[in-house]
Amino acid sequence: MTRVYAISAVTLIVAMLAAIAVVIYMGRGQQLADADPYAQCRSSQIAGGAGSIGGPFELVSETGETVTDADIITEPTLIYFGYTFCPDVCPLDTVRNAEAVDILSEQGHSVTPVFISVDPGRDTPEVVEAFTANIHPDMIGLTGTPEQTDAASRAYRTYYRLHDTSDEFYLVDHSTFTYLVMPEDGFVEFFRREMSPAQMAEQVECFIEARS
């Protein structure tokens with residue numbers, strides 16, 4: 001009988017410990033969710049955390065007006081850094097972003113596509129406007145002075161390097177990430193260029209619904 005009681009006691013203790021572990025696990029899960037409402041949507045690891053990317057910027061709009069990030073990021077926004085003379089990568093990436101925006105629109109989500117030029121010498125507001133109008137009617141194009149461009153690029157930790165600008169057909173090396181920025185929280189995720197429009201739309205939707 002004593003052995004039966006001992007086994008029962010051990011079983012009860014194990015059950016209690018398991019229950020406590022579940023409660024602790026659920027509590028930690030809730031703490032993580034409270035700390036990062038987008039945790040279930042993230043697919044990338046960001047050195048320094050999401051807060052290390054993004055921030056204020058001041059650039060020039062397609063109409064020649066000086067604008068800030070607060071003027072541009074008024075809803076979920078997809079930001080891409082490139083240049084209009086780019087022979088292949090930028091057109092493909094920005095069209096992909098535009099297609100993702102259209103998919104999201106069909107699902108009832110409004111997302112702004114933004115193109116920021118890293119070639120301020122050639123990309124005047126008029127040139128940028130012609131480029132974005134050809135990609136998507138809602139795409140916002142931004143350019144600026146070299147100093148403004150540099151500051152925006154540093155904020156988003158992008159890379160770009162102009163080749164010999166004495167050649168009018170010079171190219172620009174640049175990173176090709178697309179950044180998802182939320183007006184309430186700033187930068188939340190980046191997407192690589194191999195991601196399809198449907199995949200991007202699905203992930204962006206996760207972020208939007210997690211915030212609502």
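**View 1. Strand 1 and strand 2 make a hairpin with four residues between them.** In the turn sits glycine 64, whose phi is positive at about 90°. This is a predicted model, in which local features need pLDDT of at least 70, side-chain atom pairs count only at pLDDT 80 or more, and totals for chains, interfaces and linings use all residues. Residues are numbered from 1 along each chain as its sequence is written, and side-chain values use heavy atoms, with hydrogens and water left out. Helices (H or I, at least four residues) and strands (E, at least two) are DSSP runs, numbered from the N terminus. Strand 1 covers residues 58–61 and strand 2 residues 66–68; the two run antiparallel, joined by three bridges. Strands are said to pair if DSSP finds at least two bridges between them. To follow one rung of this ladder, look at leucine 59, whose bridge partner in strand 2 is valine 67.

**View 2. Strand 5 takes strand 1 as an antiparallel partner and strand 4 as a parallel one.** Two bridges connect strand 1 with strand 5. Valine 60 has threonine 143 as its bridge partner in strand 5, and serine 61 is matched there with leucine 142. Strand 4 (residues 112–117) pairs with strand 5 over three bridges. Here leucine 142 turns up again, as the strand 5 bridge partner of isoleucine 116.

**View 3. Aspartate 93 and arginine 193 form a salt bridge between distant parts of the chain.** A salt bridge here is a side-chain nitrogen of Lys or Arg within 4 Å of a carboxyl oxygen of Asp or Glu. In this pair the closest N and O atoms are 3.0 Å apart. Aspartate 93 belongs to helix 3 (residues 89–106), while arginine 193 lies in the loop between strand 9 (186–191) and helix 6 (197–211), 100 residues away in the chain. Which end of the pair is buried, with 2% relative accessibility? That is aspartate 93; arginine 193, at 34% relative accessible area, is partly exposed. Buried means under 20% relative accessible area and exposed over 50%, with partly exposed in between (1.4 Å probe, protein chains only). The structure holds five salt bridges, and View 4 shows two further examples.

**View 4. Two salt bridges join Asp and Arg side chains, one at aspartate 119 and one at aspartate 185.** Aspartate 119 meets arginine 122, with 2.7 Å between the closest N and O atoms. Aspartate 119 is buried, its relative accessible area being 0%. Aspartate 185 pairs with arginine 211, and here the closest N and O atoms are 2.5 Å apart. Because aspartate 185 sits in the loop between strand 8 (178–182) and strand 9 and arginine 211 in helix 6, this pair ties together parts 26 residues apart in sequence. Both ends are partly exposed: aspartate 185 has a relative accessible area of 35%, and arginine 211 has 34%.

**View 5. Glu99, Asp102, Glu106 and Asp138 gather in a negatively charged surface patch.** Patches consist of residues with over 30% relative accessible area and no salt bridge; like charges are joined within 9 Å, and nonpolar side chains (Val, Leu, Ile, Met, Phe, Trp, Tyr) within 5 Å. Lys and Arg count as positive and Asp and Glu as negative, leaving out His and the chain ends. Each charge is placed at NZ of Lys, CZ of Arg, CG of Asp or CD of Glu. Aspartate 138 comes from the loop between helix 4 (125–135) and strand 5 (140–143), and it is partly exposed at 49% relative accessible area. Valine 111 and aspartate 138 are 27 residues apart in sequence, and their C-alpha atoms are 9.2 Å apart. Valine 111 lies in the loop between helix 3 and strand 4 and counts as buried, with 6% relative accessibility.

**View 6. Phe85, Phe169 and Leu171 make a nonpolar surface patch of about 280 Å².** Accessible areas come from the Shrake-Rupley method with a 1.4 Å probe; for residues, only the protein chains shown count as cover. Phenylalanine 169 is found in the loop between strand 6 (160–162) and strand 7 (172–174), and at 51% relative accessibility it counts as exposed.

**View 7. Arginine 157 has a positive phi of about 55° although it is not a glycine.** Most residues other than glycine have a negative phi. Arginine 157 lies in the loop between helix 5 (146–155) and strand 6, where it is partly exposed, with 42% relative accessible area.
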